[in-house]
8 protein chains.
Amino acid sequence: MPEDRFDSDPNVTFDRDRQLRIGLEEAVLAEFKTVDQVSAILGDAIAEGRRLLLTRLTHDQHAALPEAQRAAIDYCPISRTAILGDLPPQAVTPRVALVSAGTSDAGPALEAQRVLAYSGLSATMVADVGVAGLWRLLRQEELLKSMQVVIVFAGMDAALPSVVAGLVPGMVIAVPTSVGYGVAAGGQTALNATLASCAPGILVTNIDNGYGAACAALRFARVTAPAMAQATPPRDAF
Amino acid sequence: MPEDRFDSDPNVTFDRDRQLRIGLEEAVLAEFKTVDQVSAILGDAIAEGRRLLLTRLTHDQHAALPEAQRAAIDYCPISRTAILGDLPPQAVTPRVALVSAGTSDAGPALEAQRVLAYSGLSATMVADVGVAGLWRLLRQEELLKSMQVVIVFAGMDAALPSVVAGLVPGMVIAVPTSVGYGVAAGGQTALNATLASCAPGILVTNIDNGYGAACAALRFARVTAPAMAQATPPRDAF
Amino acid sequence: MPEDRFDSDPNVTFDRDRQLRIGLEEAVLAEFKTVDQVSAILGDAIAEGRRLLLTRLTHDQHAALPEAQRAAIDYCPISRTAILGDLPPQAVTPRVALVSAGTSDAGPALEAQRVLAYSGLSATMVADVGVAGLWRLLRQEELLKSMQVVIVFAGMDAALPSVVAGLVPGMVIAVPTSVGYGVAAGGQTALNATLASCAPGILVTNIDNGYGAACAALRFARVTAPAMAQATPPRDAF
Amino acid sequence: MPEDRFDSDPNVTFDRDRQLRIGLEEAVLAEFKTVDQVSAILGDAIAEGRRLLLTRLTHDQHAALPEAQRAAIDYCPISRTAILGDLPPQAVTPRVALVSAGTSDAGPALEAQRVLAYSGLSATMVADVGVAGLWRLLRQEELLKSMQVVIVFAGMDAALPSVVAGLVPGMVIAVPTSVGYGVAAGGQTALNATLASCAPGILVTNIDNGYGAACAALRFARVTAPAMAQATPPRDAF
Amino acid sequence: MPEDRFDSDPNVTFDRDRQLRIGLEEAVLAEFKTVDQVSAILGDAIAEGRRLLLTRLTHDQHAALPEAQRAAIDYCPISRTAILGDLPPQAVTPRVALVSAGTSDAGPALEAQRVLAYSGLSATMVADVGVAGLWRLLRQEELLKSMQVVIVFAGMDAALPSVVAGLVPGMVIAVPTSVGYGVAAGGQTALNATLASCAPGILVTNIDNGYGAACAALRFARVTAPAMAQATPPRDAF
Amino acid sequence: MPEDRFDSDPNVTFDRDRQLRIGLEEAVLAEFKTVDQVSAILGDAIAEGRRLLLTRLTHDQHAALPEAQRAAIDYCPISRTAILGDLPPQAVTPRVALVSAGTSDAGPALEAQRVLAYSGLSATMVADVGVAGLWRLLRQEELLKSMQVVIVFAGMDAALPSVVAGLVPGMVIAVPTSVGYGVAAGGQTALNATLASCAPGILVTNIDNGYGAACAALRFARVTAPAMAQATPPRDAF
Amino acid sequence: MPEDRFDSDPNVTFDRDRQLRIGLEEAVLAEFKTVDQVSAILGDAIAEGRRLLLTRLTHDQHAALPEAQRAAIDYCPISRTAILGDLPPQAVTPRVALVSAGTSDAGPALEAQRVLAYSGLSATMVADVGVAGLWRLLRQEELLKSMQVVIVFAGMDAALPSVVAGLVPGMVIAVPTSVGYGVAAGGQTALNATLASCAPGILVTNIDNGYGAACAALRFARVTAPAMAQATPPRDAF
Amino acid sequence: MPEDRFDSDPNVTFDRDRQLRIGLEEAVLAEFKTVDQVSAILGDAIAEGRRLLLTRLTHDQHAALPEAQRAAIDYCPISRTAILGDLPPQAVTPRVALVSAGTSDAGPALEAQRVLAYSGLSATMVADVGVAGLWRLLRQEELLKSMQVVIVFAGMDAALPSVVAGLVPGMVIAVPTSVGYGVAAGGQTALNATLASCAPGILVTNIDNGYGAACAALRFARVTAPAMAQATPPRDAF
């Protein structure tokens, strides 16, 4: 039966031309779209030679894309991000660190790293320094004190951001992750723990939102680093 | 082993003849039924030449229906609705707009559009006007001010209904959607945000309930538009 | 009108003679009793020359007790505990430390200390060593490593128990406290954070339950320290 | 009865000398302390001629302080903050704006303003620009675009931070407030809405945490504005 | 100490002149304002001879207002609303009914009735028709069928809106109330029950939000009843 | 100012004559009514010589009633119930036991006992048999096995109903109580524990709902005991 | 590698001989067991010629059982129950009705019916009488009034039990079902609505717990119907 | 496209050499890692001849490991643990019991047993003694009274730990399990019930956290049993 009774409405075009309209590169939040919708958006970008960043592209969605599209993109299965096109030259200021508590937090940390790289900012990654073995973090204390923005990724009890914020003078952004089970509740406990932190000045994003933390770092760059003033972070298209 | 020990009980007939009994077209909420139950209901309607509307018919349920039944219905995979039979002539009053924040909200918006179309009311769709890029909404301000009923579909933070309700004089119905992750919590945050809106007079439905919002618009039509007074919205059979 | 229609029922005597029946000293959870009930229990103990421990005796309840009863008890307004009678000699083994994150956690910490003292066990208190100023805790590292049981009191994000458990070999019992606002949610976030801790082997009590943690330490004492084997922890009468 | 059985323990001194130990000015979170504890801390600071900042000092706590102490401090009943001592010279960079949705959000906004002022940073306040009357915000668009840090205070549905973040290039910090009833749930809906925002790069604090947002702005100042590098934000003593 | 260091900031004027600026009568949500703020707003209106509607003005707030202000307003303690000035002539179309399940639901029902009356619309009240005694509702069936908008107030299990929506063709707006204890949870169960209703087309407001339901009815009036087109519902000032 | 603009509406009579209309004695849920409403209902009953049962009449409400009304009723402050008029003769079948875990559970247990007594059924109370001291319950095992309906009152972890249901053949009704703190959450944990019980056939009421459990026992009596067939349980007027 | 290091422990035998030990037929809660565990339990029963009832046996578990075992049992896919062996003669007293709101509630209703049938009690099923079309229920009013126990199955808003309890004198047991989406929350809203019902004396089970409701009806039978006194309901083996 | 743009960062090595660095055997929390990450960690251990303990290794992860790795480990599908290498000699003091309520609780109980065995401590398992059949537990009363540490595994209502703690003098650790449906909520009700227990001194772990309970028992061993002082429990690598 004809679905096109509705398709003829010009408003249901799913905004495939949004990127033309607003003239800036965008990130596409893929998770809540059908494969057809993602593929159409990707196809348009390829056809027009534009760069594109996709976030939360699930493994199943990726596997269902046409072979040619899969070949055209750089897909990172851990962060579930895909990049179409080249990376710009990478700046090293502002100084941004990505600090994660454990191996399982790699997904959001890599998402942030890749969003920053897509926008031309190189970040320093400090992995696996959870507070259960405090010496791992203390070994990195001087490095972290030299940073302007420190993004901390932690799940479970998310004690790491509190300890980091007690050690460093820079901005501290906590990204609670969904690592953990039972009362960890998909990251809700980590989120609440970072919001209720005893260390002052911690700022928080949604659970697993490495993309949002990276966008915040890019906002920092735009208003502090002249070289980054023109950088345009990807805007979330959902 | 014989299950029919129970099947012989006349009360377990799953009300296949309800439509004959109550003499009005109904929507069937398919999601919580087995494929056998859905297929039986559909088969009866086909045999009797009746129209039928099914909501929340999952892709798996649709795929498991008999080939002949699949061919007989108009299935929209995005809204997960199925229509058996023809659409009636489409009225354009009352003036109803369906406004959605992003591409990912298309499911409930199309569900509402198809329920309205099934009942003979044509609605105007205004898609992808989320507040993160405010100019998209402001561009449609005059159109929306001319509407009697504005149904707004938004997930995540659901800021759009508040902004719309501050701009238009008509009735504003918010349909929170399940788009989002982490604290979005399957639409619970969007739901609460619309209920707690700072703009007065917003009315709210259950999460993703485009069907319910359309039924409310049909109630509006019945008590305000003489031509629609006889229109019978589908009743929810669960 | 006569309430004694019900009072004549022998089952509604509110168990004022429980202590005679079971022959062991008990703690009375006062918070959910009326002042009359608390006063009656206290009066019986005074009349019989028995010791008594009351927990969660609110300031209002305390103020409403008869003057003579108030004079007879040692009431600690911070921990809301009251002790009637003398303390026994105080043992120093097993070695138990009470570690608190901030001044605001003093209530449950003092409750635990007083329950232990009532039962004859002296504990070492280490106050105000929250992780926002890590040097405060690290300064006590050797002391804490020498303890057999370390009870940690922390509210807000409750990062302290995780860090402590990464430093010491002994048993670690976390008592989440209700200190904090907003998402701290009366201690729920601290509770969840300690349960989800990344440091292995942390055990947890109900929010603000210094009494329960002390009872656990007394259980430890009974099965490990011969001198404590006869010590009887107060049993919760609610 | 003697409570000093416990008071003689040197660990229960409630850290009245912390400020001497760590040599930096601190904020004291008053809400979870007894009046005696707050008064002792305040008395020490007065005696030693030190400045002091108290947050969440309730009206009842304030009223119960000794008359001389009440006269010595600048208490703001709306923000429930108290300042002892003079304000330092006020810098105007970095450029920080405090944007609030409604009159009822004044408490946390004033808390942030006073914490910043206490630390020597003057902020621009833009009050009562909630999205229900969008023109109020759009009138301030150019001002807000010139800011490096924009802190947005909003309760109920908290749609304002999303709209602001879509308009300005600077850092956007959302402080959800407890304004609202029913599903507003003491700020939980505003919190979740800002965390789930459709606008990228919003950072969030605990509910009503104007203090935390100000501390984050001071972290921004320390790593970007040479003149502020020595400024020391108050540390949270809880 | 001088709080006016901050008061001199022109942005902290608490918008006492908002009504002059936007030229339309407003409702003032009093609950989250200090008595001084409410009194100032009220004083301005009296001085300028303007009408004013206040919602959620608590008994304590009302009692603390100056005697002259208390005498000038019509305060309804059950609905906690106050009206300053005269009521306009009362229209009887559109036909709006206010249906409540029990006596305890009178607060929100009267709030809605008074908001409508303040805006010039007279509604029909049908009280105490909860489903536990079904005949009470069925006795009113014909009356309710003749209504264009039926606003139903119910707490506890909120079964009434579902039954009403199965009986009447008009718009059905459910206002869940906070009546009940235990799992009623301050109206959360009533809210969820109405949102999940098995009857199609029910629209829902926040808990106890009689004001919001009345505003929705006024939106209905503006787009359907020519005589009401100029009526301006009060706008929520929070 | 005249509130009677609304009072003249005949629907706002707060159903003071309901008892005449439906010809059966009712319970009045007092908690959510104003003192004026309660007093009016009580005054009518006194004037007409009718019996009346009030539940959840708070201490403050009771204290605010007119002296003459207070003298006319039998008020139980523990169960917060009030009875106006005489009790009928008390039947002893069906055999109903009221079993409570601790002294703090006396409120709902006495509420049930008084509702039953008001309706003419005498119940056996077995108090203070919580599972922390199992011998107390086992001592009553034979008595409980002889009962047809066993209503169990327990807060905190509510382990008692599960143990009782494993011992007795009769109907087991659990009334979770609000006794406890922290995760006890006002009875929510006790409620969930009884609903999730590992012992089969336990039935559950709302938290602290001794009234509801008594009504269920009266339903049992009506359909099993001929002598009770005419007994009319009080109906909940809220 | 050898798992039997643990299997040789006699305590880990998974209680395959429990039925021999306690000499009564049991229900086995299959959902949380592995297929091997279920198959072993079933194999023992077949070998010993015993009857057996399994509840919550998922479709996947059923499909994975050995062919011979699948042939030996009567599996009902809608209720996910399996019966091994013959049904006993079916009694018709006590009079029990199973009332369900919609077709989607058939699963728990059939579970109850089959548990009762397994234990020798025949129940009357009244299906598809949800309150959205009230006439369907009213048509059955006389039948329901003649019942001693009425078990009502409803999901979504679960308004049906409240209406039924207002109509019938017998015991009313509500089984909230997981039918619904969004705020229906897997049956949590239906559960809370039934617990908070405005109709007195409703008793409630866990979500979808048709087994528990049937066990309660069997408890009713044992203490009221001499012929059922020896009937032994299945005990839950989890 | 090359993912190795990021792989060349030395910080993203997923800490494969952590075991070399910290010189102690560790447990690897497998659930939140990709199969590639788990396989790499396992491969390193095999290559280096080290022992290794993996927890929460799902069936799908296990099935996806290389055949050779699967052959090298002892995988227990019920507890989802895997052990690489030999077990050390097994001590029998301290005396630890693992008590479980039902067959479905075997997963966490076996996890605890295997973690203890991996660390050289043999525990006594007492299975299937849930309180619904109280005699099963009472039969084991003397055995349990002789234990120093009693770990109790229970889901659903988790009444068992309360009853056990009322019977034994030793330490009682409750591990709430995720067994149950509906309000059991994946173990949340069991967790809350154990935290709110009426029996004093119960300590609690996260849901299903047999690993954590075993680590606590090993902490007990280190500070009480000289022979265990050198035993090193596995540390959680997440």
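Mentor: Start with a definition: buried means under 20% relative accessible area, exposed over 50%, partly exposed in between, with a 1.4 Å probe and protein chains only. This model is predicted: local features need pLDDT of at least 70, side-chain atom pairs count only at pLDDT 80 or more, and totals for chains, interfaces and linings use all residues. Residues are numbered from 1 along each chain as its sequence is written, chains are lettered from A and ligands numbered from 1 in the order written, and side-chain values use heavy atoms, without hydrogens and water.

Trainee: Is Phe220(F) buried or exposed?

Mentor: Look at the relative accessible area of Phe220(F), which is 0%. The cut-off is under 20%. So Phe220(F) is buried.

Trainee: How many aromatic pairs does the structure hold over all chains?

Mentor: Rings of Phe, Tyr and Trp (its six-membered ring) pair if their centres lie within 6.5 Å; planes under 30 degrees apart are stacked, over 60 edge-to-face, the rest tilted. Over all chains, the total is 4.

Trainee: Why does the pair of Phe220(A) and Phe220(D) join two chains?

Mentor: The pair is edge-to-face, with 5.3 Å between centres and 70° between planes. Helices are DSSP runs (H or I, at least four residues), numbered from the N terminus. Each ring lies in a helix α11 (residues 210–224), so the pair joins chain A and chain D.

Trainee: Which ring does Arg56(D) lie over?

Mentor: A charge sits over a ring if NZ of Lys or CZ of Arg is within 6 Å of the ring centre and within 35 degrees of the ring normal. Arg56(D) is at 3.6 Å from the ring centre of Tyr181(C).
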